[in-house]
Amino acid sequence: MPDSAWMDDDLAALRDLARAFIDKELAPNIDKFIEQHHVDRDLWTKAGELGLLCLSIPEEYGGGGGTFAHEAVLIEEQARCGDTSWGVTLHNGIVAHYLLAYGSEEQKRQWLPKMASGEVVGAIAMTEPGTGSDLQNVKTKAIREGDEYVVNGSKTFITNGQQADLIIVVAKTDASAGAGGISLVLVEADRPGFRRGRVLEKVGQKGQDTSELFFEDVRIPVSNLLGDSEGQGFIQLMQQLPQERLIIALASVAGMEVALEHTLRYTKERQAFGKPIFAFQNTKFKLAEIATEAKIGRVFIDDCIARHIRGELDIPTVAMAKWWTTERAMVAADECLQLFGGYGYMVEYPIARMWTDQRVQKIYAGTNEIMKEIIARTL
């Protein structure tokens, strides 16, 4: 990965640690995780022991006390090894930050140290079978009865769905109030009435335990509400989604860089008509285009990261970053696969997995069409 302006000696040391861990625990097991549709559960606790979980959560809650830059290093290193099975970016950069931003002191002290150790795996349940990017129309309900909420509904496409111990559920606490009736509630996976469905068969990211979740009269205490009052859920989602979109944009840029590395190596070694494939003008021009777009993406994303760390990254800019990087990364993966010829279509070659794994980046955390809508509102 190129040296970014936000890197420093502390982050360089973290990169070395993360790379060593990933090369030992993740990279050799990618095929195994794909076959079983989930990572080994002890991967989480091993990462926790090394301090690779909740990197940007304050030390008082068991975290690493770092910034988003620390999360960025781990995201890049995971991309470098070509893994999409381990849902650590969701656990670290999304679920933990909902708790940090909106959780009560009791909730933060109860859950964040366990997430940092790997004892608890986190998930967030937004999408429903009939509701994708249109979050204000979720059907799952959390209706108050005395000192409890009764949760009913179903969710789908949930990352970490099979292994999650704690799920942030997007639910309606007031079905008549539209977006103003949405709340976020914490549901522990051992609650009666909670049930995991199947691990979903996807085009790519096959090692990730993306699942259906079902809630049938699940009773949780009122203290499991995230935030100090009902109806704050939609605002909470809108405040946290930019970081999720930045994570996706960064992973896409890192993916472009890794695809380029693999393809440069292959085209310089592979011979056709008596010379390396790289010697053909078409190959050189295609790779020159990809290298240029990867560089543009890197400059853009590094600026977004620096602005995010300063608290200055705005919603339209991160929407631009999410749609552009995910679109260009998919084009880059496709062009790189083409240069591998028939071998590019074989799953034993990393470029094949990159191609299938990248496609969903244009869809989740809000489709790219939604990103353009967000951008257009500011024009």
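Me: Is Ala 365 buried or exposed?
Reply: In this predicted model, Ala 365 is buried, because its relative accessible area is 11%, which falls under the 20% limit for that class.

Me: Where along the chain is Ala 365 found?
Reply: Ala 365 is found in the loop that runs between H10 and helix H11 (368–376).

Me: And what about the phi of Ala 365?
Reply: The phi of Ala 365 is positive, at about 65 degrees, although the residue is not a glycine. Most residues other than glycine have a negative phi.

Me: What is the phi of Asn 160, then, and where is that residue?
Reply: Asn 160, also a residue other than glycine, has a positive phi near 65 degrees, and its place is the loop between strand S3 (148–158) and strand S4 (166–172). Asn 160 counts as buried, because its relative accessibility is 2%.

Me: Back to H10: which of its residues are buried, and what covers them?
Reply: The buried residues of H10 are Ile 351, Ala 352, Met 354, Asp 357 and Gln 358, and their cover includes helix H7 (233–269) and H9.

Me: What lies in the loop between H9 and H10?
Reply: Tyr 343 is one of the residues in that loop, which links helix H9 (315–339) to helix H10 (350–358). Tyr 343 is partly exposed, because its relative accessible area is 37%, and together with Tyr 345 and Met 346 it forms a nonpolar surface patch with about 340 Å² of accessible area.

Me: New topic: how do H4 and H8 pack?
Reply: Helix H4 (residues 68–80) and helix H8 (residues 281–309) pack at an angle of about 145 degrees, and their axes are 9 Å apart.

Me: Which residues meet there, and of what class?
Reply: From H4, Phe 68, Ala 69, Ala 72 and Glu 76 meet Arg 298, Ile 305, His 308 and Ile 309 from H8; by class, this contact has 5 nonpolar, 1 polar and 2 charged residues.

Me: What does His 97 touch?
Reply: Leaving aside residues up to four places away in sequence, His 97 touches Ser 56, Ile 57, Asn 92, Gln 240 and Gln 243. His 97 sits in helix H5 (residues 88–102) and is buried, because its relative accessible area is 14%.

Me: Last one: which residues does Pro 276 touch?
Reply: With residues up to four places away in sequence not counted, Pro 276 touches Thr 267, Lys 268, Arg 270 and Gln 271. Pro 276 belongs to strand S10 (residues 275–276), and it counts as partly exposed because its relative accessibility is 27%.

Key
Residues numbered from 1 in each chain as written. Predicted model: local features only at pLDDT ≥ 70, side-chain atom pairs only at ≥ 80, totals over all residues. Heavy atoms only, no water. Patch = residues over 30% accessible without salt bridge, like charges linked within 9 Å, V, L, I, M, F, W, Y side chains within 5 Å. Areas by Shrake-Rupley, 256 points an atom, 1.4 Å probe, with all protein chains shown as cover. Salt bridge = Lys/Arg side-chain N within 4 Å of Asp/Glu carboxyl O. Helix = DSSP H or I, 4+ residues; strand = E, 2+ residues; numbered from the N terminus. Buried < 20%, exposed > 50% of the residue type's maximum accessible area, 1.4 Å probe, protein only. Axes fitted to C-alpha atoms, helices over the stretch in contact; angles between N-to-C directions. Contact = heavy atoms within 4.5 Å. Nonpolar A, V, L, I, M, F, W, Y, C, P; charged D, E, K, R; others polar.
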